[in-house]
Each structure stands twice: as structure tokens, then as C-alpha cells.
Amino acid sequence: MRLVKPSPTFFLLFFLALSIYSLFFSAPASAQLGINRKKVTNLSGDPIDYAAPKQYEIGGVKVEGAQFADPSILISMTDLRVGRKIMIPGDEISNAIRLLWKQGLLGDASVLVEKFEGEKVFLILRIQERPRLSRFMFEGIRKGQAETLTEKIKLIKGKIITDVMIKNTQTTITKHFVDKGFKNAKVDIVQKKDTLLNNSALLTINVNKGDRVKIEHIKLTGVTAFKEGKVRRKMKKTKATGPWKIFTMSRFLAKEYENDKQKIVAFYNKNGYRDASISYDTVYDVSLKRMGIEMTIDEGSKYYFGDITWEGNYLYPDSALSEVLGIKKGDIYNPAELQKRLNFNPTGLDVSAMYMDRGYLFFGVEPVEVRIANDSVNIEMRIYEGEQASINRVTLGGNTTTSDHVVMREVRTLPGQKFNRSLLVRSQRELMNLGFFDPEALNAQPRPNMSDGTVDIGYVVAERSNNQIELSGGWGGALGFVGTLGLNLGNFSARKMFKPKEWQPLPQGDGQRMSIRFQANGRAFQTYSASFSEPWLGGKKPNFFSLNLQHSVQRQLDQQRRKTLGTFQVTSASVGIGKRLTFPDDYFAVNYTLSYLRYNLDNYGNLGFRGISTGKFNNIVFNTTISRNSIDNPIYPREGSNISLSVNLSPPYSLLGRDNLEGRPIQEQFRWVEYHKWMFDNWWYLRIVQNLVMMTRMHFGYIGTYRAGAVATPFERFIMGGDGLSFGNMVLGQDIVGLRGYPNNSIVPSTDAQSQQEGGTIFNKMVVELRYPLTTSQATSIYVLAFAEAGNNWSAFKDFAPFDVRRSAGVGARIFMPAFGMLGVDWAYGFDRLPGSAGANRTQFHFTIGQMIR
């Protein structure tokens, strides 16, 4: 059969015929939308000639059926305003209905002709409003899940129910469960009229989560450079199920799967495989509840750093920049490590810091791969040094309680100075360590102004309550009241005490600390204490001042006869001053404290004290403490250290011509206590990966005498064991050192019964902890830990054996709440037996209040 090619004239005639057909025979747009302009409802009784449309002026418009909508707004939406001329019949009425439907507010709408008056027409806009949401409920899920979804879907009572609202709600809920691994989740929303409210409806949201979809298997192909298991472990959130994976949750989350694929590529890149990629991957259903993953990895070749050159650097020579960079030819090619050493190295100096610490805020460096030869990548560092930037303004925001001057005196970036990144980071650290703000929310924001070479710096903080109330109690039978009552104002203001209008609701905001505390274990023990400290005495320099008062009473009781057998009272007062140092660096501080303690024993013979049971003893001691604190966060430190060396010196009475008291009654020998006491404490924090932190600490203490052969003081000795200073572990006149895994106060020198009661004069202790935070929010910080520690206590320096220690290990948790401070619980197991205390080691539970000092 022969085919004839149509001519251009044929196409012209064809399209002309089609256009004529569309003009005369096809339906108008209004009819296509379900709006027939020939069916205009006419209530006037006057005939309308549909074959000859006529122009009328709108004389008025009424609205019928509106209950909540404003009639004037509805009329304005239709554009059928009074005075406008329209054709009847015509497209104006059809367009008016379209405009109303477009808003999605109405369930039905029509325009009626009420009457004609000459050339004017009066219209009626008859509508039926969509129902409004009166309430909604969930079916098929738990109450907690319903509360979470209520916040997500954001349904507002009284809002008009539209198709868009229904669809968005379904989509949000479905996505919520799909993101949690419920891939087959289904949501059905049923709308029902509310008989209690006019034009209202309630929504029942039926949720069928289905079963959580688990990953049956993950198949990797193309892995040759590493063991397949090592590559699998880089997928932190995408794990295959298995009977041996008890603590690993297997679920498919699309978003996490994409992140894990990027982690695999980043792992290869980090190890020199710059061209590594995932060339193919697929996710498929194995069954209704299981799915599989297949992935092909194109590893590519392994590369190494070649020649590294510098361009555009005038301030520093190539050799200085290369030394700070610390990457040498032949090192494994690692772009991530290169960027870290160029821009921000948390463990040391980086190239960017060299410039920014000298004011070159606009500095930039771009590493460019200029040549790839075999397995080597040559890099050219293209530097833009820019101009030095000066600090123009320093602003502060978010401190709703703390006074501005308290914050700004810790800030080290001042207007007029050259920008310094290290000082910016240091200022953040100082503000964190105040303890008044949420460390996780604190932020410093440089805002460069390149036009004039300046920078504005804004510090944004989030206040955290630093006041703590201790309130616990009960009735201990024959002992009486058992509990604690205390108030600790961590951001106190003495200046506002007599200005009630400035209280919030207490006088606070000036960074001072005041504490009042009462603690009792019935009649057996009571302690009363009050303290005040000012970190900036005089307000101009960081000179520290403190004042402390304390009185404690410990009684020996005959419980059956409710009789007091003996008492031991300790009354103390101390005043201290201190200041920050600039040498060897400005992390150092020194504090001086002068204290007076009075020990009063009345027939208190149970503790021994070398035969002392009655007497009054005095202790005047001068303390000097040199410390260096560089931790980055006071609640959950991740980096830095805290080192402290403390020396307590009493007056050397025996060297000042005092008569020899040897051979005299013990009460006379120690009427004025004489000793020197040395304490060394060291905390060191190392970030292992992300928020996993290793904390190591070491403690050492020694008490000595000024005269050779003299008897050391029976007071202020070391008693070790348990959870340290906490409620229920109350021993006056002694220095308590914790050692988890053993009972409180159980580790004492064992040379003889007498020294066992007195405590030791020398101790050491070592601790290693691994910590991981569960939450570090403003309201609560919680972290878990695993630890191993060891320590011991000796009666004299000649007996000191630093490796003859009592060992223990265990796990625990800490929770910090601003209103109550740090609370902790530990489970520990002691590995070494204690002489004379069979079974005293083994399993122990310890509860702590506050930070464990030693």
C-alpha cells in the first residue's frame, strides 16, 4: 500500500476546522468546572434571556448561610462589589464561585438573583461553610505517642477542616512512624459531625503502625581493602538483625541509611581512597516484616600526600605553615584531616588559628589538588590573608537573671582589640565555668564587617537556675529527726538584699555564693553551716573572698536507755582570699585561707584518739592552694584538666621555744594541734570519640610533724572507703577519702588496734572512668560511667607502699538538676579482702550527693 505524505495545506485546513469546532461545540470553562452559567438561579420572577446576555449594575449583595465567616470578606473575595457592571448570564458569576472555592473555606456556594430594578441587579451569595474542628482523638497508639504526635500535627481547635488539613495530618503521622522503622504504617482519618457544637466536627485518627521492619541482611560487594565487618561497623544506625545482637536495634530508617552510606565513603576517604563511592545499592522487601540491603562499593586506588606548596602567604613563611600543618609527603591522603589542621584542630594549633589569633579574621585557605601522579596527590594551598579586623562592639543577650557586668568581666574580647579566635574560645569557656548558664546553649557569634574591617561579637547565653534547695527528712525512732535542710544560692547578690523590687524572686545576679545548711542524723549527729563567697572582691579584679562558719556535734548514744554517753563537737571559722595568676599561664590561681577549729570532747571514747576522751583542743591552720583549671564544662567536662596542690600549716609551736610536752598527758600535748598537711589532686579529661570521655584522677595526701620523732596529730587524719563525704558517712575531725567497692570508713592502717581507730597520715588513690552522656539539656544532665580505682591508707611514711592498694571496679550514673545539684549512684565490687573484715569487700552500692572530691 502506498502512503501519501500530507501537504502543508492539509495541516492548515485541519487545524482551522478543529478551532471552529472548539469555538461552537465545546463546553465553556465554567461548565468544565461544574458551574453552568445558564443555570443562574432567578428568584425575581423576571425572565432572563440566555440567548442575549444583558449588562446590569450590581445594586446589592446579601450573604446567606455564614455563621463564622465575615460576610463583607466573602463578598470581597468574589469581587461582586456594589456598583460593578456584570453580564447576566455571564462569566462574572462563574468566576465569583471559582474564587470562593479556591479559598478552601466552603463546602458549597452559589449566586442567586434576588430581583431586578431597572438596570440594577441584586444578588444573594448562598454558602455552606466547612465544619470547624472541635476536637480530635487517636486510636491504635499509646498515650505517650499520642502526645508526641499532637505536638507534631499542630491541629488547632476551631480551625476549618479542609482536605489539605486532612492530607497533611496523614502525611505527618505516617512519616513519624516510617522514620521510626514502621515502614508499613497506615493512617485513616474519620470525620464525624459534632452534635454538641454548630457547624463543628470531630476527627478520629486511626493509626495502624504495623510491625517494625527489621533488616534481614546486608550484603556488601567490592570490599577488598578492609575486613567486611569493619566496613559494616561504620553504619552506626543500619544494622542487620541476628540472635547474638542483644543490645543492637535492627530497624530500617531511610534517613539514617543515607547518613550511614556517607559514613562508609568518609571512612574510605579518611584512609586514602579518595575516589571511593557506592556505585550501586538497593533496598528490597524480604517479607512483610523484613527487608534486605545490597550495596556495591567501588574502592578505587589508595592515595598519599605528595608535594604541599603554599601560595599567597606573606605573614608566615612556608616552613612555619608546614610545621603547624604537620602533614608530610607520603602520609595517607586524608581530606578530613587536612581540613581539620587547616581550619580547626581541637587538639592543637591549626593554620587558621595562626592568622585569626593575630586579627586576620577574613583569612581563608583553599587546598587545591594540582596534580595526581600515580598514587600521590600534590596540593597547593592558596591563601588569602586579608586585612586585620578590629573588634567594634561586644553585645550580650539571654542573661535574664545575671547582671551584665558579671558576664562581661569574664569576656576577653574587648572593643578596640584585634580579633583573636583563641580569646573568643577562652571567653566561652569562662562563661561556661561560671555555672550560671547552660553550657550546651552558650554561643559566641562573630559578625564581620568587611567594608570597614571590623567585627561585632555577640555572646548569647541561656540562664540556668543555680539555686539549690536541699529538703529531705524523716523520723528515726529513738534517734529523732533524720534529714537535711539547706539553701544554696549560687548566683547571689548582696547588693540587692535591701532592694526587694530587684529580687527574682531572690536577690541574685551578681555571681556571689551563699549557703545555709542543716544536716542531722537524729540526736547522733548534727551540723550547721553557713558560707559566703565573692569571686570579684571590689569589682575590678578577680580577687576571691570567702567566709565559712560551721558547728558539728556527734554523740554516742545508749539507744535502749535513750541516754547520751559522750559528745564530740567541732566548731570552725575560716576566711580566705585568692586571685588569678598570669604565670605560668592564666589558668592558674592561688588561694590563701586562715582557719580556726576547736575540738571539744566530753567522755567521747569510742574513737580512741590515743586515749583522748575528754578535752578541748585548738587548731589554727594556714592553707595555701595553687591550682590550674582548664576544663571546658563544669557539669560534663570533655577536655582539659584540674590540678591542685594544697598545703596546710599550723604554727610550729615546738620550734618556737615551746616547752617539751612529751611525757605529759595527751590532752596537754595536743591542746594546740601542730602539723603540716600536703594534698595533691589531679583530674584529667580526654575525649575518646564524640561525647565518650575518659577521666583519670590521682590523689595523694600526707600529714607530717615539724620535729623528727614527734607524734602526728590525732585530728585531720585520713580515713578511706565508701562514697566519700555523704549523708550517713559522718566522722568529725577526720579527712574522708572515698573508695567505691568497700564500706564507708573501712580502709584504715592495720598495724595495731590503736592506729586503726586514728586513721592514716598518708594515702594515695588512682581512678579511671569512662563516661557517656545520655542527655545534657538545660533542665537535666545525665551520664553513665564505668570505673576502676585503687587506693590505700598508711599510718606513717615509712610504711608507704604506693602499689599495695585496694582495688575495685563498677558502673554508675550521675544526674544533675539545677535545683538539687549532682546526684549519683554506683555499683562497685572490691577485689581485695580487708584485714579483720571478712566479706567487707565484694558488692557495694554507693549513693552520693554533690561532686565527689576524692
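This short presentation concerns the salt bridges of the structure shown above.

Colleagues, please keep in mind that we are looking at a predicted model. In total, it holds 35 salt bridges. As background, side chains of opposite charge can pair when their charged atoms come close. I shall discuss three pairs and one network.

I begin with helix α8, which spans residues 254-270 and contains both Asp260 and Lys263. These two residues form a salt bridge, with 3.8 Å between the closest N and O atoms. They are three residues apart, about one turn of the helix. Is Asp260 buried or exposed? Asp260 is buried, because its relative accessible area is 0%, under the 20% limit. Its partner Lys263 counts as partly exposed, at 35% relative accessibility.

The second pair also involves helix α8. Lys261 meets Asp281 in a salt bridge, at 3.2 Å from N to O. Asp281 belongs to strand β10, residues 277-285, whereas Lys261 sits in helix α8, so this pair ties together parts that are 20 residues apart in sequence. Here Lys261 is the buried partner, with a relative accessible area of 13%, while Asp281 is partly exposed at 27%.

I turn now to the third pair. Glu769 and Arg740 form a salt bridge through their side chains, with an N to O distance of 3.0 Å. Glu769 lies in strand β31, residues 762-776, and Arg740 in the loop between β30 and α15; the two residues are 29 apart, and the pair links distant parts of the chain. Both residues, Glu769 and Arg740, are buried.

Finally, which residues are linked with Arg740 and Glu769 in a network of salt bridges? They are Arg771, Glu789, Arg814 and Asp826. Thank you.

Notes
Residues numbered from 1 in each chain as written. Predicted model: local features only at pLDDT ≥ 70, side-chain atom pairs only at ≥ 80, totals over all residues. Heavy atoms only, no water. Salt bridge = Lys/Arg side-chain N within 4 Å of Asp/Glu carboxyl O. Helix = DSSP H or I, 4+ residues; strand = E, 2+ residues; numbered from the N terminus. Buried < 20%, exposed > 50% of the residue type's maximum accessible area, 1.4 Å probe, protein only.
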